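This report describes a two-chain model, starting from one sheet and moving outward to the chains as wholes. The sequence and structure come first.

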Amino acid sequence: MKTVYFDNNATTKVADEVLEEMKPLFCELYGNPSSMHTFGGQLGRKIRRAREKAAELLGCEPVEIIFTSGGTESDNAAIKGSLASAPDKHKVITTRVEHPAVLAACRDLENHGYTVIELSVDREGRLDLAELEEKLDDDTALVTIMYANNETGVIFPIDKIAEMVTGRGVVFHTDAVQAVGKIPLNLAKSSIDLLSLSGHKLHGPKGVGILYVRKGTRLAPFMVGGHQEAGRRAGTENVPGIVGLGKACELAAQNLEEENDKVKSLRDKLENTLLKMCPGSRLNGDRENRLPNTSNISFEYIEGEAILLMLDKFGICASSGSACTSGSLEPSHVLRAMGVPFTSAHGSIRFSLSRYNTEAEVDYTIEKMPPIIQKLRELSPFVTK
Amino acid sequence: MWEYTDELKDHFFNPRNVGEVENPDGVGEVGSLACGDALKLTFKLDENGRIKDAQFKTFGCASAIATSSVLTELIKGKTLEEAAKVTNKDIADYLGGLPEQKMHCSVMGREALEAAIENYRSGGKKKHELEGRVVCNCFGVTENEIERVIKENNLTTVEEVTNYCKAGGGCGGCQGEIEKIIEKIKGDKIQELTAAATRRTGKLTNIQKIHLIQQTINEQIRPALRAHGGNIELIDVEGDKVIVAFRGMCAQCMLAEYTMKDVVEAKLREFVSEDLFVEEDKESASQPHEHRE
């Protein structure tokens, strides 16, 4: 059976071109870039190229790029590192809908004497910037707000937020793991101080990511040891990963516009048709300000895990914010923060597309989905005819 | 991805006896939308008092649907006395086992069956009601129900109890109480535990005590309040009086007083000292709160 992969916000296929660049770095060019000999030392050039490509995609300088082990490390390093550099301030502002990598890191700070403010969102998943402005004060060490939400795809007005926050002399970090490669970003024209991204969300390999640190931003190193990454992130470089990520950034920059038109039109076709054909369905999140690849749809009175398993039988991969799929007994914290009622929070399905998806796959899903919803609604004691 | 058996997948993809029996003799409804699963069981008896037809409707995950399907298969042809003997374990065994975290689905099946039989015996009047004191407010689970799953399945930890009946899986505020129920059933004397606790903390210096209070708040109390969008701050300690302030949702919560005694004070007594009592900081209560929705 063919796999239809609509779970690209979870992870993506490594692009063939990326894999090609990585291949020789395992068994042939396996040296350590820190070595004095040419065999190892020549890899420094490859890392430099990767850094330049990443900088090009983000619109920043290569020296502002630190390679890490992924999004979670970048988030932790940004949060903990910037607080360590501002020991006199004890307040952190974030949102209720952050990825756990940020939310858990912030909540842990409460055990170390910090006050953490979690901004709420409205029913569409939007922030109230006036609330943020009101909370900013001289004791605020850091504001960390995601660029785009992983579950709903809702994009926050990050450039505007960054300007407001840094204007008050406060450091601003954004988890841009879901945004990079999907929407255009230009750090040269933004006031963002710190930005996290992850390789495997943009057709690069797993286990590698980037922390962008604006020149002049004070950041205590998160990992200490060797002198790699100019002493800002110790540990022998993940050479294949870094080179692969560099290539993935290059491809993302090339394909951004054209492919997003294609991905967006596929997403819209899938979304609009499902909303029309499936009774009791509703879209979660701000329809306008949204990633072009993400669609989060709730199906009332039925449960997400059951939907996923039925889709799985047809080889269709998606994800759900239901309690049963989250490993806890409560549904998605993002949907709950948005005030999505329990009647539909348990039955939410996220489709996230990529440039490798085709119209045939969308048509196939449109054909399979309505009977699944129909079948589960017939099983549900809450659906009355 | 859950590890489901082939039997379970079969009953999920091809559920037996879906629907509602016409003019049923018994109706059992358990669960709710908020909980994430719910089951409506209907049955009809033949002239000999055997279950002639049983049908179900279920809102829930694959294992909730599969266990409901199995339940109807298991009770068909049985007298009510025979059917009443079906346990959650019978349902799980029929499917070749369930993942630990899904055991509550089999318990929901057994509960629906009991509710339906009860409904029949009361002449169709009685609806399922919670019996006994509610321990877990998040999922509405009573002491009777918790005792029963512990006894029937030989459970020994709070985590297992959560897997079997969801109790303790929401805010976590009742986990201490569930532990006590487990202890009670195990036959261990609670007094011994309390004595041990007092012994452990008998020689605390003031600094050690404050440190332990802060640690207990960080590790035991805050995560529970956090789950409901609330928070807590330690303001001061005067002798055995611990002064705290509620933040976030807790500050406006109608159950705050209950939380103060049953969660905060109980945890501090359990982990620090039996002599502690808690007071809310009046001054900070009048201040505007963060985290307002």
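## A three-stranded sheet in chain B

In this predicted model, chain B contains an open sheet of three strands in the order β6-β7-β8, and the pairing within this sheet is mixed. Its edge strands are β6 (230-238) and β8 (277-280) of chain B, each of which pairs on one side only. Neighbouring strands of the sheet are turned against each other by 35° on average, with direction ignored. Strand β6(B) and strand β7 (residues 241-248) of chain B run antiparallel and are joined by eight bridges; within this pairing, N231(B) has R247(B) of β7(B) as its bridge partner.

Two helices pack on the sheet. Helix α10 (residues 206-226) of chain B touches β6 and β7 of chain B, and its direction makes about 160° with that of β6(B). Helix α12 (residues 256-271) of chain B touches β6, β7 and β8 of chain B, its direction making about 145° with that of β8(B).

## The contact between the chains

Chain B gives 26 residues to the contact, and chain A gives 27 residues. On the side of chain B that touches chain A, at least two residues each are supplied by α1 (6-13), β2 (37-45), β3 (51-59), α2 (62-75) and α10 of chain B. Sorted by class, that side of chain B has 11 nonpolar, seven polar and eight charged residues. Helix α10(B) thus appears in two settings, since this helix packs on the sheet and also supplies residues to the side of chain B that touches chain A.

## Nonpolar cores and a covered helix

In soluble globular proteins, nonpolar side chains tend to be buried together. The largest nonpolar core of the model has 103 residues, and those with the most contacts inside this core are A306(A), I307(A), I146(B), V161(B) and A167(B). Helix α5 (residues 103-121) of chain B provides the largest share of this core, nine residues. Leaving aside residues up to four places away in sequence, I307(A) touches F299(A), I302(A), S320(A), G347(A), I349(A), I372(A) and L376(A). A second, separate core has 70 residues, including L109(A), L142(A), V177(A) and V243(A).

Helix α7 (residues 158-165) of chain B is mostly covered, with six of its eight residues buried. These buried residues are V158(B), V161(B), T162(B), N163(B), Y164(B) and C165(B), and they pack against α5, β5 (141-142), α6 (143-153) and α8 (175-186) of chain B. Just after α7(B), K166(B) takes a positive phi of about 75°.

## The chains as wholes

The table sets out like values for each chain.

| Chain | Helices and strands | Buried residues | Share of contacts (separation of 6 or more) made by residues 24 or more positions apart |
|---|---|---|---|
| Chain A | 14 helices, 13 strands | 53% of 385 residues | 72% |
| Chain B | 13 helices, eight strands | 42% of 293 residues | 57% |

For chain A, the overall dimensions can also be set against a simple expectation: a compact globule of 385 residues would have a radius of gyration near 21 Å, and the 22 Å of chain A therefore agrees with that figure. The C-alpha trace of chain A spans about 75 × 50 × 35 Å along its principal axes.

Methods. Residues numbered from 1 in each chain as written. Chains lettered and ligands numbered in written order. Predicted model: local features only at pLDDT ≥ 70, side-chain atom pairs only at ≥ 80, totals over all residues. Pairing = 2+ DSSP bridges. Helix = DSSP H or I, 4+ residues; strand = E, 2+ residues; numbered from the N terminus. Axes fitted to C-alpha atoms, helices over the stretch in contact; angles between N-to-C directions. Contact = placed C-beta atoms within 7 Å. Nonpolar A, V, L, I, M, F, W, Y, C, P; charged D, E, K, R; others polar. Buried ≥ 20, exposed ≤ 12 C-beta atoms within 10 Å, placed from the backbone. Core = buried A, V, L, I, M, F, W, Y, C linked by C-beta atoms within 7 Å. Rg over C-alpha atoms; globule rule 2.2 N^0.38 Å.
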